[in-house]
Amino acid sequence: MHILTLEDYQVVVGEEDIWTPIRNVLHKGEMYSSVLILVDENTEQHCLPTFLDNIEYPKAKIIRVPAGEANKNLDVCNSIWAQLLEQEADRRSLVINLGGGVVGDMGGFAAATFKRGVDFIQFPTSLLAMVDASIGGKLAIDYKQVKNTIGLFLNPQAVFIYPPFLKSLPDRELRSGYAEIIKHALIADHGMWDGIQQIHRLDGVKWNQLIHRSLAVKKKIVEQDPKEKGIRKILNFGHTIGHALESYSHMTNEPLLHGEAIAIGMICEAYLSNKSFTLTVNSVQRITDYILKIYGKVNIDNWPFDKLLQLMMQDKKNEFGRINFSLLREEGVAVFNQNCDTGLIKECLLYYRGL
Ligand SMILES: NC(=O)c1ccc[n+]([C@@H]2O[C@H](COP(=O)([O-])OP(=O)(O)OC[C@H]3O[C@@H](n4cnc5c(N)ncnc54)[C@H](O)[C@@H]3O)[C@@H](O)[C@H]2O)c1
Ligand SMILES: [Zn+2]
């Protein structure tokens, strides 16, 4: 079992040994008047039975939401509040978010606002949520189709990560989450980057160790800058271009998953890091080769540059109307607030197309 301590909560990563600490939280001096577990239909099927078998808390109540980003909205949030009322949750209740980033972000938001805030625990079940969404205190729902528009920063009581849940996660979702692990290595942990380059297939990976190391990177960064005023922006490496590609792909018949778009974004932004900063050509090549090995090549030949640029202009990191990038100084070291002109941005997309 690995335990990371963030400012006021712990992240526990483990296998069978994880159930004792969670039972301790639930049973601690009858601290909670009730325990409510939020699931979507996939985590209800694949994770909830194991969870219930192990927590030994027969009075736990279940709250259900439909799966997927399209449901991370006010209507579904409304239904969570309604279910909390129906189940007679009160200020001393505990909500456990058992699911991917959608359940975690929306369940955390619903709990943080219900009766001015009830305690919640994050129990991420997707790789993306395990290494990224579940720590750092960001909670939100999408509003009028714009991602994460309504939300707040608030830490959970604790985060519990049980990697065996990844066995039922679809391969594509697993690969998507892995992009954030690559990102964490590239921005802040050269040793980890050396290590993961030996990973060629995701089916045999020992996740425990890797998740812990990846979380250590995110912890180090969010602790320095919890509200994303400065250094936390380096977590956006690959995301300026990646988000634009992700949004554009949703207008086509083949939408990309978040991490799939970020993988392309990291190749493009590695190229930018060389052209407008200090990353060497050899490093760009290594990053490109590894990402292509895991993700393959996506055909973006007909994706209009102007439209992509327009999407990048809407990026939340921009200040004073300039597109703001987080780039690599070298493999394992990132910098933020870098501007690149549009000619160079086009060039990096052409670089990817030409691979
Ligand atoms: N708060 C943050 O700091 C932060 C950071 C990154 C991403 N996010 C948010 O996270 C969300 C994306 O998270 P996600 O990729 O986990 O999406 P998700 O919650 O939609 O999960 C992806 C799919 O996998 C299914 N699933 C999850 N765990 C499973 C399991 N163990 N077995 C089988 N199926 C399983 C889900 O039901 C869903 O269909 C986005 O809304 C994004 O904005 C938040
Ligand atoms: Zn991301």
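This passage describes the domains, the zinc site, the second largest pocket, the largest cavity and two single residues of a predicted model.

In this predicted model, local features need pLDDT of at least 70 and side-chain atom pairs count only at pLDDT 80 or more, while totals for chains, interfaces and linings use all residues. Residues are numbered from 1 along each chain as its sequence is written, chains are lettered from A and ligands numbered from 1 in the order in which they are written, and side-chain values use heavy atoms, with hydrogens and water left out.

The chain is divided into domain 1 (2-168) and domain 2 (171-353), with bounds that come from an automatic or database domain assignment. Between the C-alpha centres of domain 1 and domain 2 the distance is 27 Å. To the contact (heavy atoms within 4.5 Å), domain 1 contributes 21 residues and domain 2 contributes 24 residues.

The zinc ion (ligand 2) has as protein donors Glu180 (OE), His239 (NE2) and His258 (NE2), at 2.0 to 2.1 Å. Donors are N, O and S atoms within 2.8 Å of the metal (3.2 Å for Na, K and Ca); water is not among the atoms, so sites may look incomplete. Along the chain, the spacing of these donors is E-x58-H-x18-H. Glu180 belongs to helix H7 and His239 to helix H10 (residues 239-249), so the pair ties together parts that are 59 residues apart in sequence. Helices (H or I, at least four residues) and strands (E, at least two) are DSSP runs, numbered from the N terminus. Glu180 is buried, with 0% relative accessibility, and His239 is also buried, with 5%. Buried means under 20% relative accessible area, exposed over 50%, and partly exposed in between (1.4 Å probe, protein chains only).

Open and enclosed spaces were located on a 1 Å grid over the protein atoms alone: a cavity is a set of points where a 1.4 Å probe fits but cannot get out, and a pocket is an open set with protein on both sides within 12 Å along at least five of seven lines; lining residues have an atom within 4 Å of a point. Grid points are joined across faces, edges and corners, and a volume is the space filled by probe spheres set on the points.

The second largest pocket has a volume of about 290 Å³. Its lining consists of 14 residues, of which Asp171, Leu174, Arg201, Leu202 and Asp203 are the closest to its centre. Helix H7 (171-188) and helix H12 (281-295) are the elements that give two or more residues to this lining, and H7 gives the most, with three. By class, seven of the lining residues are nonpolar, one is polar and six are charged. Ala, Val, Leu, Ile, Met, Phe, Trp, Tyr, Cys and Pro count as nonpolar, Asp, Glu, Lys and Arg as charged, and the others, Gly among them, as polar.

One cavity of 30 Å³ or more is found in the whole structure. The volume of the largest cavity is about 50 Å³. Its lining includes Asn97, Asp105, Gln122 and Ser134, and at least two lining residues come from each of strand E5 (93-99), helix H5 (101-113), strand E6 (119-124) and helix H6 (127-133).

Asn71 is placed in the loop between strand E4 (61-65) and helix H4 (74-86), and is buried at 18% relative accessibility. Beyond its neighbours within four places in sequence, Asn71 is in contact with Pro66, Val76 and Met106. Lys218, in helix H9 (residues 207-224), is buried at 5% relative accessibility. With neighbours within four places again left aside, the contacts of Lys218 include Val131, His184 and Arg232.
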